[in-house]
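Dear colleague,

I am passing on a structure that I would like you to look over. My notes on it follow below.

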Amino acid sequence: MAIIVNIDVMLAKRKMSVTELSEKVGITMANLSILKNGKARAIRFSTLEKLCEALDCQPGDLLEYRPDEEDGSSSSE
């Protein structure tokens, strides 16, 4: 996936635990884990807003676009 979620980076910068962030944002540890590991397919703006508020950051600090490293050629099966 081309969107990288940098929650771990911000947690380290803020010296905050995943548990503390979960409590501040009001989402379960399981859902936070899905976000952190890049497995989420979507995120609500309200959740993004709460994450930014809890971590005192901007959305761009949490989300990063990196083009897929594939060469663009498609393989036929």
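Here is what was found, beginning with how the values were obtained.

This is a predicted model, in which local features need pLDDT of at least 70 and side-chain atom pairs count only at pLDDT 80 or more, whereas totals for chains, interfaces and linings use all residues. Residues are numbered from 1 along each chain as its sequence is written, and side-chain values use heavy atoms, with hydrogens and water left out.

The largest nonpolar core (buried Ala, Val, Leu, Ile, Met, Phe, Trp, Tyr and Cys residues joined through side-chain atoms within 4.5 Å; buried means under 20% relative accessible area with a 1.4 Å probe, protein chains only) has 17 residues, of which Ile7, Leu21, Leu51, Leu55 and Leu62 touch the most other members. At least two residues of this core come from each of helix 1 (7–14), helix 2 (18–25), helix 3 (29–36) and helix 4 (45–55), helices being DSSP runs of H or I with at least four residues, and strands runs of E with at least two, numbered from the N terminus. Helix 4 gives the most, with 5 residues.

Beyond its neighbours within four places in sequence, Leu51 is in contact (heavy atoms within 4.5 Å) with Ile7, Leu21, Val25, Leu32, Leu35, Ile43 and Leu62. Ala54, also placed in helix 4, counts as buried at 16% relative accessibility, and, with the same neighbours left aside, Ala54 is in contact with Met16, Leu21, Lys24 and Val25.

In helix 3, the buried residues are Leu32, Leu35 and Lys36. Seen down the helix axis, they fall within an arc of 95° (taken from the directions from the axis to the C-beta atoms), so they line one face of helix 3.

Best regards

Notes: Buried means under 20% relative accessible area, exposed over 50%, partly exposed in between (1.4 Å probe, protein chains only).
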